[in-house]
Each structure stands twice: as C-alpha cells, then as structure tokens.
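This is a walk through one structure, taken a part at a time. Please keep the sequence and the 3D view open while reading.

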Amino acid sequence: MPARPIIIDTDPGQDDAVAILVALASPAELEVLAVTTVAGNVPLALTSENARKIRDLAGRPEVPVYAGCPRPILRPLRTAEKVHGPTGLDGADLPPPRAPLAEGHAVDFIVEALRAHPEPVTLATMGPLTNVALALIKAPDIAGRVREIVMMGGAVRGGNVTPVAEFNVYVDPHAARVVFESGVPIVMHGLDVTHKVITTPERLAAIRAIGTPVAEAAAGLLAFYDRRDLERYGAPGGPLHDPCVIAYLLAPGLFAGRRVHVAVVTDEGPALGQTVADWWGTTGRAPNALVVDRVDADGFYALLTERLARL
Ligand code: BDR
Ligand code: CA
C-alpha cells in the first residue's frame, strides 16, 4: 500500500506535538504533505513556531509548514495558556526553528494541494477548524478531493470548556459547522474517546524509557500537559487528545464508534460549541460523521511508544 497523503492542520500544543511526531515517524503509512497552523491553544505566531520546532525534532526538514488563520471566523480568539503554558510547548526545552515558514497561506495551500494531488487527500485536524472551513468556502470543488477529515474535536457527553463544548469546536463553532455541513466524510475523535486514553505514570515511563532526545522531549511535554488534568478529572493521568487522530490513521482497528448526524450549535448561549450527536437517530437526518467513542487504550499507547522510538 502506498503511503496515504495527509495534511495536518494543527495548533501546537503539547498533544498536537506528540501527534505530529508520531505522524512524521510513520512515512510508510502517512505521506505528510504539509503541516498547516491555526490559532488555538496559543496565538498563530506561536503555533507556527512550535510546528517548525517539532519538525526539526523529528528530523523532517522537508515537510513544509504553512501559517493559516490568526483568529476564528466570527468570534474573538480564545487561547488556552492555562493548559499548555505560555509557549504552548512548555515541558520541553526545544531550540528555535531552523527554517522559516513556507511561503503562502495555509488555506491556499490546502486548496491547491487538494486540487493537484492525483488521489484524494486526508485532512488530519487537531485544532479549531478555521483553515479547513475557509478552504471549503473558498473552493467548494475541493470537497470531492478530500478523502476524509479525521479530526480531534467535539464531545457527546460533556465538554472541557463549557459543560457541553470541547475546546477546538468552541473556539470556532462557525468553522466547525461549515465542516460538519460540508458533506465531506468525517471521523470525529471527541472527548468521549480521548478521555479513554489516559497518560498513566506507567505509560509515561515507557515513553521516557526509550531514552532518545525525542522521547525525552515527548515525555516532558506529556508530563507538563497532564499536570492540571490529574486534579481536574481525578484520573491517574490526563486524557491524550490529538494523537488519537494519527493513531486512527495508522491503526483504525484500535478504535470503534457509530455513524450519526452531528449538528454544531452556533447560537450564543450556554450550548455554544456543542456537538449534538443524534445517537439514536431521532431526527432522521443522514449520518455525517463517524463518532469514535471506544478505543483499545493499551494498544494505542503501545503504538505511540513504538513510533516515537523510531525517531
Ligand atoms: C483539544 O484542545 C486543545 O487544548 C488540545 O490540543 C486538543 O486539540 C482538546 O479539547
Ligand atoms: Ca490541538
């Protein structure tokens, strides 16, 4: 099987960083055409710098990084330094990026890459969906060129920003709505699955025990990322969100879910940013997403650890 072409759209972020590392460690399965950045966990200048630091750490200087949108479509940007630290990559001391951003805007790159590639391209999204929504608005013809959008975003049973909304969807709910209404096949990894892959001390120790600079950095990032969640969720470790996207692309058999219709709430008020999943088919609306809610967590961490050891 030739490697599957993907574009990673992301707002690094420690969990984004680990996801990017795992993707770049897997060239036999995933051809990463580019990393595109968006404002989210931290402002765009930082997510764009962080993506390039991770590219350097992975030793993959040929993978271009394009900067995208500095703010959501309608709402003011809400960032998450309380979770990720002021840099977005607190927990690892990485040197400044060796190379600049690629020239051009991420939205234009996405449009051109989808049009130009001989086969449909997968969009692996790990942040607010601003870039992807604008690409679909700018060039509706690309919808048919997307193999699927495999995303981290949303929540069926409880949010992490509000009682019902997950961060990536909450930050740009209008973009998420454009994406869910686009007709492009979607695989949604929301909190319902990411809270089932807990970074326990044993799993973290297994990553650290690899003993390479990459593993040391990844373990540092994950340990920092965990620190609030241990208290907040009362679990033996924090949930690990964005790597679910890449693990699904590498080993879909680790995951299971249900094909349902998902609507995104864009009305101001307590439900803003909610992903309303029609679990029992009460609306009669055709499914627009595979909502993943089950995972083999040990298999997931074994895969992550094995891939990080390759870098
Ligand atoms: C999502 O929000 C960000 O903080 C993480 O990087 C992840 O993409 C989890 O809600
Ligand atoms: Ca993210």
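Gly13 lies in the loop that links β1 (4-10) to α1. The model is a predicted one, and in it the peptide bond from Pro12 to Gly13 is cis, with omega near -10°. The helix that follows this loop, α1 (14-24), takes part in the surroundings of the ligand, because α1 and α6 (167-171) are the elements that give two or more residues to the shell around ligand 1.

The strand before the loop, β1, belongs to an open sheet of eight strands. Reading across the sheet, the order is β3-β2-β1-β4-β5-β6-β10-β7, and the pairing is mixed. Which strands stand at the edges? They are β3 (65-67) and β7 (255-260); each has a single partner strand, so one side of each is left without a neighbour in the sheet. From one strand to the next, the twist averages 25°.

Within this sheet, β4 and β5 can be followed in detail. Strand β4 covers residues 121-125 and strand β5 covers residues 146-152. The two run parallel and are joined by four bridges. Leu123 has Ile149 in β5 as its bridge partner.

Now turn to the ligand. Ligand 1 sits in the largest pocket. Around ligand 1 there are 13 residues, of which Asp15, Asn41, His84, Glu166 and Asp242 come nearest.

Where do polar atoms of the protein lie relative to an oxygen atom of ligand 1? For Asp242, a polar side-chain atom lies 2.7 Å from such an atom. Asn160 also places a polar side-chain atom by an oxygen atom of the ligand, at 2.9 Å. With Met126 the backbone is involved: one of its N or O atoms lies 3.0 Å from an oxygen atom of ligand 1. Taken alone, ligand 1 exposes 280 Å², and the protein buries 97% of that.

Key: Residues are numbered from 1 along each chain as its sequence is written. Chains are lettered from A and ligands numbered from 1 in the order in which they are written. This is a predicted model: local features need pLDDT of at least 70, side-chain atom pairs count only at pLDDT 80 or more; totals for chains, interfaces and linings use all residues. Side-chain values use heavy atoms; hydrogens and water are left out. Two strands pair if DSSP finds at least two bridges between them. Axes are lines fitted to C-alpha atoms, for helices over the stretch in contact, and angles run from 0 to 180 degrees between N-to-C directions. A residue is near a molecule or strand if one of its heavy atoms lies within 4 Å of it. A polar contact is a pair of N or O atoms within 3.5 Å; within protein, one must be able to donate a hydrogen and the other to accept it, and residues adjacent in sequence count only if both atoms are side-chain atoms. Accessible areas come from the Shrake-Rupley method with a 1.4 Å probe; for residues, only the protein chains shown count as cover. On a 1 Å grid over the protein atoms alone, a cavity is a set of points where a 1.4 Å probe fits but cannot get out, and a pocket is an open set with protein on both sides within 12 Å along at least five of seven lines; lining residues have an atom within 4 Å of a point. A molecule sits in a cavity or pocket if more than half of its atoms lie within 2 Å of its grid points.
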